[in-house]
Amino acid sequence: NNLLGTLHLIKDDETPEEEKQKLFDRLTERVETINRMISEFIYYTRITRLNRTPEDINTVLKNSIHNFKSVLDQVNVKLITSFAFQLPSINLDLYLMNQVFYNIIKNALEAMNYVGQLRISVQKLETKHGPKPNLEFIEISFQDTGSGIPKGDIKKVLIPFYSKKNDGMGLGLSVVKHVVRAHGGAVRIKSQPDLFTNVTIYLPIR
């Protein structure tokens, strides 16, 4: 209805040309937003089967971080990384895992308004309980110094379509949870408002 109303105003001969240009720019912006939201929705619903290949998680993560190099070079964000050495390869869908890391890093930068500290670490974990042999996991942690998440909203941020952003669709972290679970892993979020948010994913070593 909003788009149709804008189109009618542009078509109206009584609308000043200057106002028409402003309306056209606004219309273009909103159509682009709709296109992005629909694309995200289609992407989310098509995550069904995994195309797994043996990958080094450190290399995958470093490549994902490199995608933000141009952004990090221009903003006031201190990036601290810690990678575990001699990790075994794990079978994962490279494209989807790249999307997971991209979504988490993008959310972290936005939460800090591109000012602060982002700490990314990788380590190997082993379950302390349960049947032998103990299960092994790779833990990838992302901690930012952003605005944080209220306690009541922590569980909600992983639910599809939940977002407090004006132009957000609420699928960023939902995709993270969806993809990680498809790999047999888990996602944990901890946060304190105005201090930090920590997103940790666990991927099984098989």
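## Close-up views of a predicted model

**View 1. Five strands make up an open sheet in the order β2-β4-β5-β7-β6, with mixed pairing.** Welcome to the sheet of this predicted model. The edge positions belong to β2 (76-82) and β6 (186-192). Each of these two has a single partner strand, so one side of each is left without a neighbour in the sheet. As you step from one strand to the next, the twist averages 15°.

**View 2. β5 (136-144) sits between two antiparallel partners, β4 and β7.** On one side, β4 (115-126) and β5 are joined over nine bridges. Look here for Leu125, which stands opposite Phe137 in β5. On the β7 side, β5 pairs over eight bridges, and Ile138 has Leu203 in β7 as its bridge partner. How many of the nine residues of β5 are buried? Seven are, so β5 is largely enclosed by the rest of the structure.

**View 3. β6 and β7 pair in the antiparallel sense, and a loop lies between them.** Strand β7 covers residues 196-204, and seven bridges hold the pairing with β6. To find your place in this pair, start from Lys190, whose bridge partner in β7 is Asn198. Then move to the loop between β6 and β7, where you will meet Asp194. Asp194 is not a glycine, yet its phi is positive, at about 70°. In general, most residues other than glycine have a negative phi. Is Asp194 buried or exposed? With a relative accessible area of 67%, Asp194 is exposed.

**View 4. Asn113 is found in the loop between α5 and β4.** This residue, too, has a positive phi without being a glycine, with a value near 55°. Asn113 is exposed, and its relative accessible area is 60%. The two loop residues can be viewed side by side: Asn113 between α5 and β4, and Asp194 between β6 and β7.

**View 5. Helix α3 (residues 57-66) packs against helix α5 (residues 94-111).** Their axes are 9 Å apart and meet at an angle of about 50°. That angle makes α3 oblique to α5. The crossing of the two helices is right-handed. Which residues make the contact? From α3 come Ile57, Val60, Leu61, Ser64 and Ile65, while α5 supplies Leu94, Asn98, Phe101 and Ile105. By character, these contact residues divide into seven nonpolar and two polar, with no charged residue among them.

**View 6. Helix α3 lies across four strands of the sheet, β2, β4, β5 and β7.** Follow the helix over the strands and compare its direction with that of β4: α3 runs at about 165° to β4. This view also brings back β2, one of the edge strands of the sheet.

**View 7. Ile104, in helix α5, is a buried residue.** Its relative accessible area is 3%. Which residues does Ile104 contact, leaving aside its neighbours within four places in sequence? They are Phe142, Val176, Val199 and Ile201. Take the first name on that list as a guide to how the chain folds back: Ile104 and Phe142 are 38 residues apart in sequence and 7.5 Å apart in space, C-alpha to C-alpha.

**View 8. Lys20 has its place in helix α2 (residues 17-45).** Is this lysine, Lys20, buried or exposed? Lys20 is buried, because its relative accessible area of 14% is under the 20% cut-off. Not counting residues up to four places away in sequence, Lys20 touches Leu9, Ile10, Asp12, Asp13 and Thr15.

**View 9. Stepping back, the whole protein comes to six helices and seven strands.** From the N terminus on, the elements run α-α-β-α-α-β-β-α-β-β-α-β-β, a handy guide for placing each close-up along the chain. The protein has 206 residues, and 36% of them count as buried; Ile104 and Lys20 are two buried examples from the views above. Among contacts with a separation of 6 or more, 68% are between residues 24 or more positions apart.

Key: Residues numbered from 1 in each chain as written. Predicted model: local features only at pLDDT ≥ 70, side-chain atom pairs only at ≥ 80, totals over all residues. Heavy atoms only, no water. Axes fitted to C-alpha atoms, helices over the stretch in contact; angles between N-to-C directions. Parallel < 35°, antiparallel > 145°, perpendicular 65-115°, else oblique. Left-handed = near helix turned anticlockwise from the far one by under 90°. Contact = heavy atoms within 4.5 Å. Nonpolar A, V, L, I, M, F, W, Y, C, P; charged D, E, K, R; others polar. Pairing = 2+ DSSP bridges. Buried < 20%, exposed > 50% of the residue type's maximum accessible area, 1.4 Å probe, protein only.
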